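Work through the exercises below with the sequence and the model open side by side. Each task is followed by a solution in steps.

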Amino acid sequence: MGEERFGEFVLVRRHGEDGVAELVLDRPKAMNAVSTEMARSVAAACAALAGDQGVRVVVVTSTHERAFCVGADLKERNSFSDAELLRQRPVARGAYTGVLELPVPTIAAVHGFALGGGFELALSCDLIVADRTAVVGLPEVSVGVIPGGGGTQLLPRRVGAARAAELIFTARRLEAEEAHRLGLVDQLVEAGEDRSEALALAGRIAANSPVGLRAAKRALRLGQGLDLRAGLEVEDAAWRSVAFSGDRAEGVAAFNERRVPRWPGE
């Protein structure tokens, strides 16, 4: 297992040769509150992962026992002038868009608190695995702002406009059972098993074609919000990008020869 640190608060682990990488939030003294420095590190780690063709799946995890991420560092924010807050905005956005724009499937492994920007980091992933200790929510209006890491756009895409409005307007927190029932998280597991279950899911995904996975994610993301006809054109373009790939040839050959594919990844 290879490890690489990005700044003080973010770690990337590459799990052997299976193509699974782990983006680890590692600011335990602040329950992974996203400071300016941490935001820069998340963005830098995502840029490195996006450029690594050996990465097939990314799992976002936390080293804190009681939190995935509690959101923006409000202690730091309290010290900002208006001008400093404005300058910090693109840095903060870079962390969320970094996760959102990863070209491979992404899974958030959530336990404990995932609030505000912390939940937005999870929402930026394709799938969310949460354990029974998870508490999620977007409480930003209770401190005079709005979800600014994608929450107003990503949450309604998961749960619908009215449900998202209720959750954002009330700023309420949801415990794991309700979050799962309403679709805010995709898989509910026993306490302490979020990371292991997310990594196991990542392993199952990573067994598939790297070229196919990237193209499928691209089609899913680009097709969101389009009408059906336009969405099918996005899908066709993604299909054409893989139809003559080495992975497609290997996948068909392996199926006919009844063996496990050896993906060339191109």
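**Exercise 1. A pair in the open sheet**

Which residue of β7 does Ala 67 stand opposite? The model is a predicted one. Place the pair in its sheet.

Solution.
- Step 1. Opposite Ala 67 stands Phe 113 in β7.
- Step 2. Strand β7 covers residues 113–115, and two bridges join β5 to β7. The two strands run parallel.
- Step 3. The sheet is open, has four strands and follows the order β5-β7-β9-β10. Its pairing is mixed.
- Step 4. β5 (67–69) and β10 (174–175) are the edge strands, each pairing on one side only.

**Exercise 2. The surroundings of β3**

Determine whether the residues of strand β3 are buried or exposed, and identify the strands joined to β3.

Solution.
- Step 1. Strand β3 consists of residues 20–25, and six of the six are buried, so the strand is largely enclosed by the rest of the structure. The cut-off for buried is under 20% relative accessible area.
- Step 2. Consider the two faces separately. In a regular strand, side chains alternate between the two faces of the sheet. One side of β3 holds Val 20, Glu 22 and Val 24, while the other holds Ala 21, Leu 23 and Leu 25. Both faces are covered.
- Step 3. Strand β2 (residues 10–15) is joined to β3 by six bridges, and the two run antiparallel. Within this pairing, His 15 has Val 20 as its bridge partner.
- Step 4. The hairpin of β2 and β3 has four residues between the strands; Gly 16 takes a positive phi near 60 degrees there.
- Step 5. Strand β4 (residues 57–62) is also joined to β3 by six bridges, but these two run parallel. Val 58 in β4 is the bridge partner of Ala 21.
- Step 6. Follow the chain from β3 to β4: the path passes through helix α1 (residues 36–50), and the β-α-β crossover is right-handed.

**Exercise 3. The salt bridge of a buried glutamate**

Which residue meets Glu 22 in a salt bridge at 2.7 Å? Describe the setting of both partners.

Solution.
- Step 1. The side chain of Arg 195 meets that of Glu 22, with an N to O distance of 2.7 Å.
- Step 2. Arg 195 belongs to helix α8 (residues 194–206) and Glu 22 to strand β3; the pair links distant parts of the chain, 173 residues apart.
- Step 3. Glu 22 has 0% relative accessibility and counts as buried. Arg 195 is partly exposed, at 33%.
- Step 4. Extend the pair to its network: Glu 3, Arg 13, Glu 22 and Arg 195 are linked by salt bridges.

**Exercise 4. Two further salt bridges**

How many salt bridges does a search of the whole structure find? Examine Asp 126 with Arg 221 and Arg 172 with Glu 166.

Solution.
- Step 1. The search finds 18 salt bridges.
- Step 2. Asp 126 and Arg 221 meet through their side chains at 2.9 Å, N to O. Asp 126 lies in the loop between α4 (117–123) and β8 (127–131), and Arg 221 in helix α9 (residues 210–223), so the pair ties together parts that are 95 residues apart in sequence.
- Step 3. Asp 126 is partly exposed at 28% relative accessibility, and Arg 221 is partly exposed at 23%.
- Step 4. In the salt bridge of Arg 172 with Glu 166, the closest N and O atoms are 2.8 Å apart. Arg 172 is partly exposed at 25%, as is Glu 166 at 26%.

**Exercise 5. Nonpolar residues in loops**

Locate Phe 80, Val 145 and Ile 146, and give the exposure of each.

Solution.
- Step 1. Phe 80 is in the loop between α2 (74–78) and α3 (82–100). Its relative accessible area of 22% makes Phe 80 partly exposed.
- Step 2. Leaving aside residues up to four places away in sequence, Phe 80 touches Thr 36, Leu 85 and Gln 88.
- Step 3. Val 145 lies in the loop between β9 (135–137) and α5 (151–159), and is partly exposed at 46%. With Leu 74 and Val 143, Val 145 makes a nonpolar surface patch of about 270 Å².
- Step 4. Ile 146 is in the loop between β9 and α5. Ile 146 is exposed, at 57%; the cut-off for exposed is over 50%.
- Step 5. The C-alpha atoms of Ile 146 and Gly 116 are separated by 9.1 Å, the two residues being 30 apart along the chain.

Key
Residues are numbered from 1 along each chain as its sequence is written. This is a predicted model: local features need pLDDT of at least 70, side-chain atom pairs count only at pLDDT 80 or more; totals for chains, interfaces and linings use all residues. Side-chain values use heavy atoms; hydrogens and water are left out. Buried means under 20% relative accessible area, exposed over 50%, partly exposed in between (1.4 Å probe, protein chains only). Two strands pair if DSSP finds at least two bridges between them. A crossover is right-handed if, with the strands pointing away from the viewer, the path from the first strand over the helix to the second runs clockwise. Contact means heavy atoms within 4.5 Å. Patches are made of residues with over 30% relative accessible area and no salt bridge: like charges are joined within 9 Å, nonpolar side chains (Val, Leu, Ile, Met, Phe, Trp, Tyr) within 5 Å. Accessible areas come from the Shrake-Rupley method with a 1.4 Å probe; for residues, only the protein chains shown count as cover. A salt bridge is a side-chain nitrogen of Lys or Arg within 4 Å of a carboxyl oxygen of Asp or Glu.
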